[in-house]
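Here's a walk through one protein model with a ligand in it. Have the viewer open and follow along.

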Amino acid sequence: MTLDDVDAAERLTDEASYDLDVATQRVDWPTAARRSAARSALWRRRCAHLVEHDAGGCWIAEDDSGPLGIATSLRRQSWWGLSSYFVLPQTQGTGVGRALLDAALRHADGTDRAMICASHDPKAFRRYRLAGFAMHPTMLGWGSVDRSAIPALPRVRDGAGRDAEWCDEVDREARGAGHGVDHIVMREQYDLHVVDDSAGRGYCYAWPSGGTYLLAATDTDTATDLLWASLAQASDEPDVRFVYATAEQEWAVDVAIAARLELHGRGYLAYRGMPPAMPYLPSAHFM
Ligand SMILES: CC(C)(COP(=O)(O)OP(=O)(O)OC[C@H]1O[C@@H](n2cnc3c(N)ncnc32)[C@H](O)[C@@H]1OP(=O)(O)O)[C@@H](O)C(=O)NCCC(=O)NCCS
């Protein structure tokens, strides 16, 4: 993939998003509706960032009719992650996805740990399991936050660029590699909350509309405070408030229960060569 392919890739992923809403009947996620213009621009920025930094991990499949599918992936130190993986609906199940994943996985050569935030598409499940990933079912929290339940959060402050360095240390402990250059894009697109005191360290990128996009911490008390901080900025509109919580993340489940959010089983966190990161809520794009 080159930067010239980014617009076509964005259109393709919007069309191909897996929308079999069997589990919840009502939670429109990942993308039941087409992306807004603003969300498309954010997607293109993240994709261009990966093409720039991980050219060997980003692939597009095409024939005479045009693009058929894409896979984008990233390598950070000895860790690899799959960011986007989509094939046009009419072409799915014909082997294009396999070729794309094989190409992206070559970018993982020399790494020993890997992660994927997987959709609930059984075709994706099959590809990941056959590539050696352990598939952990995940939950999402959805709804309006009960504002009366939000605790005082004296440990949490707004983060800044200078925090990225120690955030990477927390990442290394949790998943074996820092996010490095990915902090640049995440700082542009999300609000950074941090805790850094003698009791623990952690950070959370929050969606501007409230809820957690990525959270990593040294301990569950710190993680709990950060998740609450991201919920505190939520509007009253019901929405997805966090995703990809595996059974290990009981601290997140307990926050959801206290905030009176609905919990729904949705998707999988796929791990290879590593135990589940803890306490941790991964970013769907940068893990
Ligand atoms: C996931 C995806 C990228 C895979 O691409 P693809 O071109 O469909 O993949 P392939 O055809 O190479 O492989 C699909 C496998 O699932 C099998 N399959 C087809 N339909 C299936 C079904 N309903 N249930 C389970 N397996 C199925 C295929 O036979 C094939 O397995 P095989 O190669 O061992 O025979 C594509 O299906 C897609 O875009 N899905 C929607 C978006 C999505 O959810 N992406 C994953 C994000 S994490």
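What follows goes from the ligand site to the nonpolar cores, and then to some backbone oddities and loop residues.

## The ligand and its shell

One thing up front: this is a predicted model. Start at the ligand, which has 22 residues around it. The closest of them are Val87, Gly93, Ser119, Asp121 and Arg127. By type, the shell splits into 11 nonpolar, 6 polar and 5 charged residues.

Which elements supply at least two residues each to that shell? They are β3 (79-87), α3 (96-106), β4 (113-118) and α4 (122-130). The top contributor is α4, which gives 6 residues.

## Polar contacts to the ligand

Two glycines offer backbone atoms here. A polar backbone atom of Gly93 sits 2.7 Å from a ligand oxygen, and a polar backbone atom of Gly95 is 2.9 Å from a ligand oxygen. On the side-chain end of things, an N or O atom of Asp121 is 2.7 Å from a nitrogen atom of the ligand. As for cover, the ligand taken alone exposes 950 Å², and the protein buries 76% of that.

Asp121 has another contact worth a look. At the start of α4, one of the side-chain oxygens of Asp121 comes within 2.8 Å of the backbone nitrogen of Lys123. So what does Asp121 touch, going by these polar contacts? A ligand nitrogen atom and the backbone nitrogen of Lys123, both through its side chain. Just after α4, Gly132 takes a positive phi of about 95°.

## Two nonpolar cores

The largest nonpolar core has 43 residues. Those touching the most other members are Met1, Met115, Tyr203, Tyr205 and Tyr213. Helix α2 (residues 37-53) gives the most to this core, with 5 residues. Another core lies apart from it, made of 23 residues, including Val156, Leu227, Ala234 and Ala259.

Click on Tyr203 to see what surrounds one of those core residues. Leaving out neighbours within four places in sequence, Tyr203 is in contact with Cys167, Asp171, His179, His183, Leu192, His193, Val194, Leu214, Leu215, Ala216 and Leu226.

## Backbone oddities

Most residues other than glycine have a negative phi, and most peptide bonds are trans. With that in mind, here are three spots to check. Arg260, not a glycine, has a positive phi of about 60°, and it is found in the loop between α8 (250-258) and β11. Met287 is another residue other than glycine with a positive phi, near 55°; Met287 lies in the segment after β12.

Is each of these two buried or exposed? Arg260 is exposed, at a relative accessible area of 65%, whereas Met287 is buried, at 0%. The third spot is the Met278 to Pro279 peptide bond, which is cis with omega near -20°. Pro279 belongs to the loop between β11 (262-272) and β12 (280-281).

## Gln249 and the cis proline

Gln249 is in the loop between β10 (239-245) and α8. Its relative accessible area is 1%, under the 20% cut-off, so Gln249 counts as buried. Beyond its neighbours within four places in sequence, Gln249 is in contact with Ala277, Met278, Pro279 and Tyr280. That list takes in both residues of the cis peptide bond, Met278 and Pro279. The side chain of Gln249 also reaches the backbone oxygen of Ala277, at 2.9 Å.

## Thr111 and Ser36

Where does Thr111 lie? Look in the loop between α3 and β4. Thr111 has a relative accessible area of 18%, and buried means under 20%, so it makes the cut. Its side chain reaches the backbone oxygen of Ala108 at 2.5 Å. Not counting residues up to four places away in sequence, Thr111 touches Arg75, Gln77, Ser78, Trp79 and Trp80.

Ser36 sits in another loop, the one between α1 (6-16) and α2. At 37% relative accessibility, Ser36 is partly exposed, because that value falls between the 20% and 50% limits. If you want a distance to try in the viewer, take Ser36 and Arg113: they are 77 residues apart in sequence and 34 Å apart in space, C-alpha to C-alpha.

Methods: Residues numbered from 1 in each chain as written. Predicted model: local features only at pLDDT ≥ 70, side-chain atom pairs only at ≥ 80, totals over all residues. Heavy atoms only, no water. Near = heavy atom within 4 Å. Polar contact = N/O pair within 3.5 Å; in protein donor to acceptor, adjacent residues only side chain to side chain. Areas by Shrake-Rupley, 256 points an atom, 1.4 Å probe, with all protein chains shown as cover. Helix = DSSP H or I, 4+ residues; strand = E, 2+ residues; numbered from the N terminus. Nonpolar A, V, L, I, M, F, W, Y, C, P; charged D, E, K, R; others polar. Core = buried A, V, L, I, M, F, W, Y, C linked by side-chain atoms within 4.5 Å. Buried < 20%, exposed > 50% of the residue type's maximum accessible area, 1.4 Å probe, protein only. Contact = heavy atoms within 4.5 Å.
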